[in-house]
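Please open the structure in your viewer and keep the sequence beside it. The tour below tells you what to select at each stop and what you will find there.

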Amino acid sequence: QVQLVESGGGLVQAGGSLRLSCAASGRILSIYTMGWYRQAPGKQRELVATITDGGSTNYADSVKGRFTISRDNAKKTVYLQMNTLRPEDTAVYSCNADITFWDSDRYRSRTHWGQGTQVTVSS
């Protein structure tokens with residue numbers, strides 16, 4: 001049906017940059033809000049940034065000025081440009097998206113999640 005596939009994670013030194021991508025595929029009619037979340041070991045998952053289909057963005061205070069979320073609607077892809085990375089940014093980053101899709105015999109709407117990608121920032 002619908003899949004979200006992330007890429008771009010990895011190991012980087014403090015102060016470095018990474019760009020995450022998350023591509024949606026399947027029998028998709030519309031994609032509304034897309035977002036990035038992260039979960040560090042022993043901590044709850046937290047919102048990093050979201051972007052609506054109209055382009056409005058929202059960021060966690062901890063990443064404002066360092067991270068930028070964007071999307072390419074034609075490619076059904078959301079990006080997260082992460083600059084000036086800190087060790088405390090280390091986490092599994094997951095994307096999600098509110099999607100209307102064709103399911104067997106009708107359209108349905110629900111939030112989908114990607115599998116997550118590891119980001120590790122060394123000091």
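What follows begins with the whole chain and then moves to one sheet and to single residues.

This is a predicted model, in which local features need pLDDT of at least 70 and side-chain atom pairs count only at pLDDT 80 or more, whereas totals for chains, interfaces and linings use all residues. Residues are numbered from 1 along each chain as its sequence is written, and side-chain values use heavy atoms, with hydrogens and water left out.

**The whole chain**

Start with everything selected and shown as a cartoon. How many helices and strands are there in the protein? There are 0 helices and 11 strands, where helices (H or I, at least four residues) and strands (E, at least two) are DSSP runs numbered from the N terminus. The radius of gyration of the protein, taken over C-alpha atoms, is 15 Å, and this is close to the 14 Å that the globule rule gives for 123 residues, so the protein is as compact as a globular protein of that length. That rule is 2.2 Å times the number of residues to the power 0.38.

If you turn the C-alpha trace along its principal axes, it spans about 50 × 25 × 25 Å. Buried residues, meaning those under 20% relative accessible area (exposed is over 50%, partly exposed in between, with a 1.4 Å probe and protein chains only), make up 43% of the 123 residues. Among contacts (heavy atoms within 4.5 Å) between residues at least 6 apart in sequence, 56% join residues at least 24 apart.

**An open sheet**

Now select strands E1, E3, E8 and E7, which form an open sheet of 4 strands in that order, with antiparallel pairing; two strands pair if DSSP finds at least two bridges between them. Strand E1 (3–7) and strand E7 (67–72) stand at the edges with a single partner strand each, so one side of each is left without a neighbour in the sheet. Neighbouring strands of this sheet are turned by 15 degrees against each other on average, with direction ignored, as judged from axes that are lines fitted to C-alpha atoms (for helices over the stretch in contact), with angles that run from 0 to 180 degrees between N-to-C directions.

Keep E1 and strand E3 (residues 18–25) on screen, for these two run antiparallel and are joined by 5 bridges. Within this pair, Ser7 stands opposite Ser21 in E3.

**Thr117**

Next select Thr117, which is found in strand E11 (residues 117–122). Is Thr117 buried or exposed? Its relative accessibility is 12%, and Thr117 therefore counts as buried. Leaving out residues up to four places away in sequence, Thr117 touches Glu6, Gly9, Leu20, Ala91, Val92 and Tyr93. The side chain of Thr117 also reaches the backbone nitrogen of Gly9 at 3.4 Å.

**Arg38 and Arg45**

Move to Arg38 in strand E4, which counts as buried because its relative accessibility is 5%. Which side chains are joined to that of Arg38 by polar contacts? One polar contact of 2.6 Å joins the side chains of Arg38 and Glu46, and another of 2.9 Å joins those of Arg38 and Tyr93. A polar contact is a pair of N or O atoms within 3.5 Å; within protein, one must be able to donate a hydrogen and the other to accept it, and residues adjacent in sequence count only if both atoms are side-chain atoms.

Arg45 lies in the loop between strand E4 (28–39) and strand E5 (46–51), and at 47% relative accessibility Arg45 counts as partly exposed. Not counting residues up to four places away in sequence, Arg45 touches Tyr37, Arg38, Gln39 and Trp113.

**Three loop residues**

Select Lys64 in the loop between strand E6 (57–59) and E7, where the side chain of Lys64 makes a polar contact of 3.1 Å with the side chain of Asp61.

Finish with the backbone angles. Most residues other than glycine have a negative phi. Lys76, in the loop between E7 and strand E8 (77–82), has a positive phi of about 55 degrees although it is not a glycine, and at 30% relative accessibility Lys76 counts as partly exposed. Thr84, in the loop between E8 and strand E9 (91–103), is not a glycine either and has a positive phi of about 45 degrees; at 46% relative accessibility, Thr84 counts as partly exposed.
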